[in-house]
Amino acid sequence: MTITPPAIRTEDLVKNFGDTPAVRGVSLEVPTGTVLGLLGPNGAGKTTIVRMLSTLVKPDGGRALVHGYDTAEQSREVRSLIGMTGQYAAVDEDISGWENLYLIGRLLNMGRKEARSCADTMLERFRLTEAAHRPVAGYSGGMRRRLDLAASLMGEPRVLFLDEPTTGLDPHSRNELWEEVRTLARKGATVLLTTQYMEEAEALADAIVVIDHGRVIASGTSAELRERIGGPVLRITPERPADLTAVRTALIASGLRPAGGDQDTDRVCLPLSAGGHELTSAIRVLGEAGLPLAGVDTHVPSLDEVFLTLTGTGGPGSPAGGSATNDELTRSAA
Ligand SMILES: Nc1ncnc2c1ncn2[C@@H]1O[C@H](COP(=O)(O)OP(=O)(O)O)[C@@H](O)[C@H]1O
Ligand SMILES: [Mg+2]
């Protein structure tokens, strides 16, 4: 019996740029017909992984395989299977959208007629027919991304790499692009999507791999990631800030496990398990210890906070450094 290899597989993949380690031993697997979200902050190594997978950069260590073909040794076979969009996509600004697609078709060895009809079809599918003959330089961000995606789909790739396809897009264009990705996935393409947005990974991906500083730091479905580190926390604010340590000590003495909080100035956070029995215990314990409280509330971290927890850095739009709650979650997750 032969075992069909996964659509995408990397084994301990390594890449250094001079002294800069960009990718430090990344292993991942994307089953055929699924969408993997490769989630990580700026500089995490996402683009470098995609470039190795798409044969543009040779790994310094490990292997990258597409449908079983080694991207370094069998780049021709790999190239015939993949499509790629993103930061390094090859759309030419000076010529029209139509010409771009036509040329790509020709590069893919299509005949003139086929390339022409394929370009027309793609422009229609991505609602660019009206702008078809205008130079790409005048396209909006959303139109460009759609053209980029159309370009990557010209050869009907079985495996698609989308490198931050929605970064910088307005919400409307972003939703349109999400719809396209969903359609592709429904049609059976295998997609590796890189993103800085947890929300995007959750919206599109069957599985998520979080990377930071060139390493995998977490993986699973969005639900699993959320459950593991993004559960609700009880935030306890003592009436007297001077009681913070006493509150923490009392909780620990009673068997509860507050998150660490050296940088926290006014409250103690206690991760809640399903059922939330910690809430009643905490109130009772602190009451018995005679520690007056100014407030108690529960807080469910947003997806961005989960991401922040994982990477210890702000995602786009997040405040740098993160709030006390995030810092606490970081420690409790560690
Ligand atoms: N061509 C290059 N030359 C030197 N350093 C690079 C090059 N490409 C990427 N890097 C570095 O490698 C690291 C990972 O970059 P990259 O893969 O682009 O991350 P991401 O796509 O997640 O933002 C960063 O530190 C980046 O500065
Ligand atoms: Mg990148």
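**Exercise 1. Which residue in the turn between strand 9 and strand 10 has a positive phi?**

Before solving, a word on the model: this is a predicted model, where local features need pLDDT of at least 70, side-chain atom pairs count only at pLDDT 80 or more, and totals for chains, interfaces and linings use all residues. Residues are numbered from 1 along each chain as its sequence is written, chains are lettered from A and ligands numbered from 1 in the order in which they are written, and side-chain values use heavy atoms, with hydrogens and water left out.

*Solution.*
- Start with the strands: strand 9 covers residues 207–212 and strand 10 covers residues 215–220. Strands (E, at least two residues) and helices (H or I, at least four) are DSSP runs numbered from the N terminus.
- Next, the pairing: 5 bridges hold these two strands together in the antiparallel sense. Two strands pair if DSSP finds at least two bridges between them.
- Pick one bridge: Val-209 has Ser-219 of strand 10 as its partner.
- Now the turn: the hairpin has 2 residues between its strands, and His-213 there has a positive phi of about 50°.

**Exercise 2. Find the hairpin of strand 4 and strand 5, and place it in its sheet.**

*Solution.*
- The hairpin has 2 residues between the strands, and His-67 takes a positive phi near 45°.
- Strand 4 and strand 5 run antiparallel and are joined by 2 bridges; in one of these, Leu-65 is partnered by Asp-70 of strand 5.
- Move on to strand 1 (residues 8–17), which is joined to strand 4 (residues 61–66) by 5 bridges, again antiparallel. Here Glu-11 has Arg-63 as its bridge partner, and Val-14 stands opposite Gly-61.
- Put the order together: 4 strands form an open, antiparallel sheet that reads 2-1-4-5. Strand 2 and strand 5 (69–70) are at the edges with a single partner strand each, so one side of each has no neighbour in the sheet.
- Finally, add the helix: helix 1 lies across strand 1, strand 2 and strand 4, at about 115° to strand 1. Contact means heavy atoms within 4.5 Å; axes are lines fitted to C-alpha atoms, for helices over the stretch in contact, and angles run from 0 to 180 degrees between N-to-C directions.

**Exercise 3. Describe the surroundings of ligand 1.**

*Solution.*
- List the shell, meaning residues with a heavy atom within 4 Å: among them are Phe-17, Thr-20, Pro-41, Lys-46 and Thr-48.
- Sort by element: strand 2 (20–30) and helix 1 (46–53) each supply at least two residues, and helix 1 gives the largest share, with 3 residues.
- Look for polar contacts, which are pairs of N or O atoms within 3.5 Å. Oxygen atoms of ligand 1 lie 3.0 Å from a polar backbone atom of Gly-45, 3.1 Å from a backbone N or O atom of Ala-44, and 3.4 Å from a side-chain N or O atom of Asn-42.
- Check the cover: the protein covers 63% of the 550 Å² of accessible area (Shrake-Rupley method, 1.4 Å probe) that ligand 1 has on its own.

**Exercise 4. Which strands stand at the edges of the sheet with the order 12-11-13?**

*Solution.*
- This open sheet has 3 strands with antiparallel pairing.
- Strand 12 (268–271) and strand 13 (293–299) are the edge strands, each pairing on one side only.
- The twist averages 20° from one strand to the next.
- Strand 11 (residues 233–238) meets strand 12 over 4 bridges, with Leu-234 partnered by Leu-270.
- Helix 10 (residues 277–288) packs on the sheet, touching strand 11, strand 12 and strand 13, and its direction makes about 15° with that of strand 11.

Terms used:
A polar contact is a pair of N or O atoms within 3.5 Å; within protein, one must be able to donate a hydrogen and the other to accept it, and residues adjacent in sequence count only if both atoms are side-chain atoms.
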